[in-house]
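Colleague: I am new to this protein and would love a friendly tour. Could you walk me through it, one question at a time?

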Amino acid sequence: MLLADLVAVARGDSPASLILANAKIVNTLTAEIDFGNVAIFQGRVAGVGDYTQGEEVVDLGGRYLAPAFIDGHTHLESSMLHPAQYARAVVPRGTLGVVTDLHEMANVAGVRGIRYILDWGRRLPLDFYFMAPPCVPATTTLETPGAILDIDDFGRLLRWPETVGMGEVMNFPGVVSGEEGMLRKVALAQGRVRDGHAPGLAGKALNAYIAAGILSDHESTSADEGLEKLRRGMHLMIREGSSEKNLEALLPLVTDDTYHRCFFVVDDRSCADLLRDGDMDVIVRRAIKGGLKPVRALQLATINTARYFRLEAVGAVAPGYYANLLVLSDLTSLDIDLVFYRGHLVARGGKPLFPVPPARGGPLSRSLKVKPFGLEALGLPAPPGECPVIQLVPGQIITRKVFATPKVVDGWVVSDTEADLLKLVVVERHHATGNIGRGLVRGFGLGRGALASSIAHDTHNIVAVGVEDRDIKLAIDELVRLQGGLVAVDGGKILAHLPLPMGGLLSPAPLEEVAAGVAELERVASENLGCRLPAPFAALSFLALPVIPELRLTDLGVVDVIEGRILDW
């Protein structure tokens, strides 16, 4: 596109490619709603006003026209979908931009895994804004990753054209303690956007983290925590995902004085939730229902995100901006009729209109390498008294460190369904080291059987929970056979499974098929195994993440996150 041609259309001297006429235009720059026409030329808005001359004219009949959503922090890997199928899920829901550091795939496949997803992004009506991940792995001593990105790798990622900044700095203890390697990475990203990850961090420790140059955080779970971070200069990402739901607690912080430093993010959302409920549209809709004015809610999903990440020409309906636009029949219910990506109609009535090329695993295939082990390897010796237990917190990914006296048979700890103390196992699956971490978890409510997953943030070793060791091992063996996925087992039989052969994280299957597979697994977990959690595999996937307080399990053992060490059993 020649700039002179765009300017000529803006002047009214040349016809537009497309005119969207008779629209109530949501102005996210001034929080106003204007009435008029929007002229679009070769993917960009040429002007807003009384334009009538265009190669195509679409009369919106007084419907609302708003900028498309930008998800300011998400891990598309949590959807379990190939990038093309992920686009099928989120584009009809109005999301046309995602900010992601792809550290889930990076922990499995390194730079080649990142490149695979970004290259696919170029073929889709969805903008991928890449944040170079500084913490692959999240810790250097508490787990075994599939790949390690050192400072040279990180520097190379920062120079990629898709890169807009530094991804979430998950190793907040390293920053606060002045760890040289971590601070070198932060310094390398000076002058760029630098995302944070600081659950529960407060006081002088928070000051130290921010002083290093960290600009945002998406881990606040209470108003007090969020307010302290705002007061110290952070931008507040308000998260509402599948497992992490913080909107209700944080929404009161959005005021006339603070809203410009707040924006909405999904972080992690399952394919089932994407298909059933939606994506960013869910957050905006819930925020409006929670009392936020519709235009302000849209600002927190569009222009605020664009400004924080310094994204050019997105987040508003204005001259020179990309024509990434939503046509809405109602602002309160947020009914999305049409979605335009750079002036092209890509979704109508919640259905995608763009072609989806067939997916192939390529460099992400055959990623599970597990050293064979016998049933005895899952044995957990009886402690002399009480032992540490991972206590789930409903609706959150944080856990609590509690102590309990386990059930012991012949000197070995076994699951105790009456006390809801279940065996938890993490098996290293990248280098066939034979590492197996064992511990106890409370909160799943399983009465029988076992669940296993190759999705286990962030290093994605195999994680399994169950009542009997034989079922736990069968579930793990099935994952190895599938080369990744989710499995439910009971009584020596596989009740349900979902293959995820792409890095053990993603499926090449259609969105609807993957979502149906997840729904069936969740049904089996509830009806057959007695699980009380609404999303058991999502909860299971976070239990091996040793940077989220308070207690976790990795392939190296039970981790006290606050103390940053592996506990003696």
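Modeller: Happily! Before we talk about loops, one term: helices (H or I, at least four residues) and strands (E, at least two) are DSSP runs, numbered from the N terminus. With that in hand, P137 can be placed in the loop between strand 8 (127-132) and helix 4 (151-158). Please keep in mind that this is a predicted model.

Colleague: What is the peptide bond from V136 to P137, cis or trans?

Modeller: As background, most residues other than glycine have a negative phi, and most peptide bonds are trans. For the bond from V136 to P137, omega is near 5°. That makes this peptide bond cis.

Colleague: Where does E550 lie?

Modeller: The peptide bond from P549 to E550 is also a cis one, with omega near 5°. Going along the chain, helix 16 (536-541) comes before E550 and strand 28 (551-554) after. E550 therefore lies in the loop between helix 16 and strand 28.

Colleague: Back to P137: which residues is N107 in contact with, leaving aside its neighbours within four places in sequence?

Modeller: N107 belongs to helix 3 (residues 103-121). C-alpha to C-alpha, N107 is 8.5 Å from L149, although their positions lie 42 residues apart in sequence. Its contacts, apart from neighbours within four places, are C135, V136, P137, P145, G146, A147, H430, D458 and T459.

Colleague: Why does N107 count as buried?

Modeller: A residue is called buried when its relative accessible area is under 20%. N107 falls under that limit, so it counts as buried, and its relative accessible area is 0%.

Colleague: How is the protein divided in the domain assignment?

Modeller: The assignment gives three entries, and one of them is made of two stretches: domain 1 (1-68 + 316-354). The others are domain 2 (69-314) and domain 3 (375-566).

Colleague: How much area is buried between domain 2 and domain 3?

Modeller: The centres of these two domains, taken over C-alpha atoms, are 26 Å apart. Their contact takes 39 residues from domain 2 and 46 residues from domain 3. Carbon and sulfur atoms give 67% of the buried area, which is about 3,400 Å².

Colleague: Which residues of domain 2 lose the most area to domain 3?

Modeller: Three residues together account for 21% of what the domain 2 side buries. They are M80, L142 and T144.

Colleague: Which residue forms a salt bridge with R88?

Modeller: Between domain 2 and domain 3 the count is 1 salt bridge, alongside 15 residue pairs in polar contact. For R88, the closest N and O atoms in its salt bridge are 2.8 Å apart. The partner is E512.

Colleague: Which element gives the most to the side of domain 2 that touches domain 3?

Modeller: The elements that give two or more residues to that side are helix 2 (83-90), helix 3 and helix 10 (271-276). With 6 residues, the one that gives the most is helix 3.

Colleague: Which strand pairs with strand 14 over 5 bridges?

Modeller: On the one hand, strand 14 (residues 325-330) pairs with strand 5 (residues 64-67) in the antiparallel sense over 4 bridges, where Y64 stands opposite L328. On the other, L325 stands opposite F340, and these strands form a hairpin with 4 residues between them. The partner joined to strand 14 by 5 bridges, also antiparallel, is strand 15 (residues 335-341).

Colleague: Why is strand 7 largely enclosed by the rest of the structure?

Modeller: Strand 7 (residues 95-100) pairs in the parallel sense with strand 6 (residues 69-71), and the bridge partner of I70 is G97. Strand 7 is largely enclosed because the number of its 6 residues that are buried is 6.

Colleague: Is R366 buried or exposed?

Modeller: R366 is in the loop between strand 17 (351-352) and strand 18 (387-392), and has a positive phi of about 55° although it is not a glycine. Exposed means over 50% relative accessible area. R366 has 60% relative accessibility, so it counts as exposed.

Terms used. Residues are numbered from 1 along each chain as its sequence is written. This is a predicted model: local features need pLDDT of at least 70, side-chain atom pairs count only at pLDDT 80 or more; totals for chains, interfaces and linings use all residues. Side-chain values use heavy atoms; hydrogens and water are left out. Buried means under 20% relative accessible area, exposed over 50%, partly exposed in between (1.4 Å probe, protein chains only). Contact means heavy atoms within 4.5 Å. Two strands pair if DSSP finds at least two bridges between them. Domain bounds come from an automatic or database domain assignment. Buried area is the accessible area (1.4 Å probe) that two parts lose on being put together, summed over both. A salt bridge is a side-chain nitrogen of Lys or Arg within 4 Å of a carboxyl oxygen of Asp or Glu. A polar contact is a pair of N or O atoms within 3.5 Å; within protein, one must be able to donate a hydrogen and the other to accept it, and residues adjacent in sequence count only if both atoms are side-chain atoms.
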